[in-house]
Amino acid sequence: SFQNETKLIQRTRLVKPKMHDNFVERTRLFKTLEENWQKSFHQIVAPAGYGKSTLMSLWLDQRNDSYSWFTIDDDCNDFRVFLSYLAEFLRVDKESSHSELLELAEAHELPEMNYIRQKVLQAISYVEPAHVFVFDDYHLIQNEDIHSLMNTIVKNFSSEFKLVILSRSDPKLNFYKPEMYGQLQRIDLQDLKFFPEEIQLLSLEVYSKSMDAETAQFIYDVTEGWIVPVRLILKAFSRGVAPKEIIDGTRIQFKGMTEYLLEEVLNFENDEIKDLMMAVSLFERFNLEMISVIIEADDLKNPEEKILVKAKMEEFISRSLFIIAKDNMGTWYRFHDLISIFLRN
């Protein structure tokens, strides 16, 4: 890390995750990436624990392309903080201690946004062609000025580069405007899930335990291919525990899995959302009208709180927090089956 006048830059955020030996190549997804790598924009959107960062890290290792990696955190919603990281992210001469963008971020007063945009685009233009720019955890960005700056980058992005966004929700970026048509590759939860054949391969290569097709299918059915519980089940399986003993359809009996679900699903939400999620989990499917009725039926909440909770649930749906659309129109939804079991308990 290094300290400037107003903030601390953590260099670990500018380094892609290191891959260990307990990963298998996602051949199917690598093929998808290969077939679409000529496109300028690549968006990988899925809930926590679906291997977004792992996939892109493994892919970059295989490609050996030059790249810059920026793992975003909550404090990056401060525009100065974001600009400081962006300055390091885009700095061509890694030996130099400063850049124009960093000087802007450290200035007593920030210049006009148009001037900042101009300097950001100029910094990108200095980067060598075929470079890959990766923004990880982009869902944490809520600052509209940052979205605006990023959309300026998208609008003026050169086809010589690749822009990769890893996020738990669809980013507020103009990838779907007509002028961007055909330039976006999107990978989502349905693509990232581990299918039975991949579960068998993972069990053999990582946990040194062969698995029959029926067992792999069972694990896929109960996890819906979500890699975190798949790995936890395979770890127990390698120690002689039968998968059906871990999940029996009504209980989650593996401590590691419940701890992860608590951390990723409930611990960061307020009490109103926790209550609402558990109520909605009782239904096989739900929509916003049903959620509205549930909220209005609770006399303990005042109108202002109801509006806030409904808005929060809409946000849940928009960012795919283990919520799966049941139709192409986005009218009906359901929770991931494993999440439903957990919440009902």
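Two rings of Phe, Tyr or Trp form an aromatic pair if their centres lie within 6.5 Å. For Trp, the six-membered ring is the one used. The structure examined here is a predicted model. By this rule, the count comes to 17 aromatic pairs.

A pair of aromatic rings is described by the distance of the centres and the angle of the planes. The pair of F70 and F89 serves as an example. Its centres are 6.1 Å apart, and its planes make an angle of 50°. Planes under 30 degrees apart would count as stacked and those over 60 as edge-to-face, so this pair is tilted. F70 lies in strand β4 (residues 67-71), whereas F89 lies in helix α3 (residues 79-90). The two parts are 19 residues apart in sequence, so the pair ties them together. Both F70 and F89 are buried.

F70 and F89 also belong to one aromatic cluster. Its other members are F41, F82, Y85, F133, F135, F157, F161 and F175.

Aromatic rings also lie beneath charged groups. The charged end of R26 sits over the ring of F194, at 3.7 Å from the ring centre. In a second case, the charged end of R285 sits over the ring of W332. Here the distance to the ring centre is 4.0 Å.

Helix α1 (residues 27-36) was examined next for its buried and exposed residues. Its buried residues are L29, F30, L33 and N36. Seen down the axis of α1, these residues fall within an arc of 135°, so they line one face of the helix. On the other side of α1, T27, K31 and E35 are exposed. Which elements cover the buried residues of α1? Among them are strands β3 (41-45) and β7 (184-188). Helices α2 and α7 (189-192) also take part in the cover.

The backbone was considered last. Most residues other than glycine have a negative phi. N64 has a positive phi, near 65°, and is not a glycine. N64 is placed in the loop between α2 (52-63) and β4. Its relative accessibility is 68%, so N64 counts as exposed. S208 is another residue with a positive phi that is not a glycine; its value is about 55°. S208 is found in the loop between α8 (196-207) and α9 (213-223). With a relative accessible area of 63%, S208 is exposed.

Notes. Residues numbered from 1 in each chain as written. Predicted model: local features only at pLDDT ≥ 70, side-chain atom pairs only at ≥ 80, totals over all residues. Heavy atoms only, no water. Helix = DSSP H or I, 4+ residues; strand = E, 2+ residues; numbered from the N terminus. Buried < 20%, exposed > 50% of the residue type's maximum accessible area, 1.4 Å probe, protein only. Lys NZ or Arg CZ within 6 Å of the ring centre and 35° of its normal. Arc of directions from axis to C-beta. Contact = heavy atoms within 4.5 Å.
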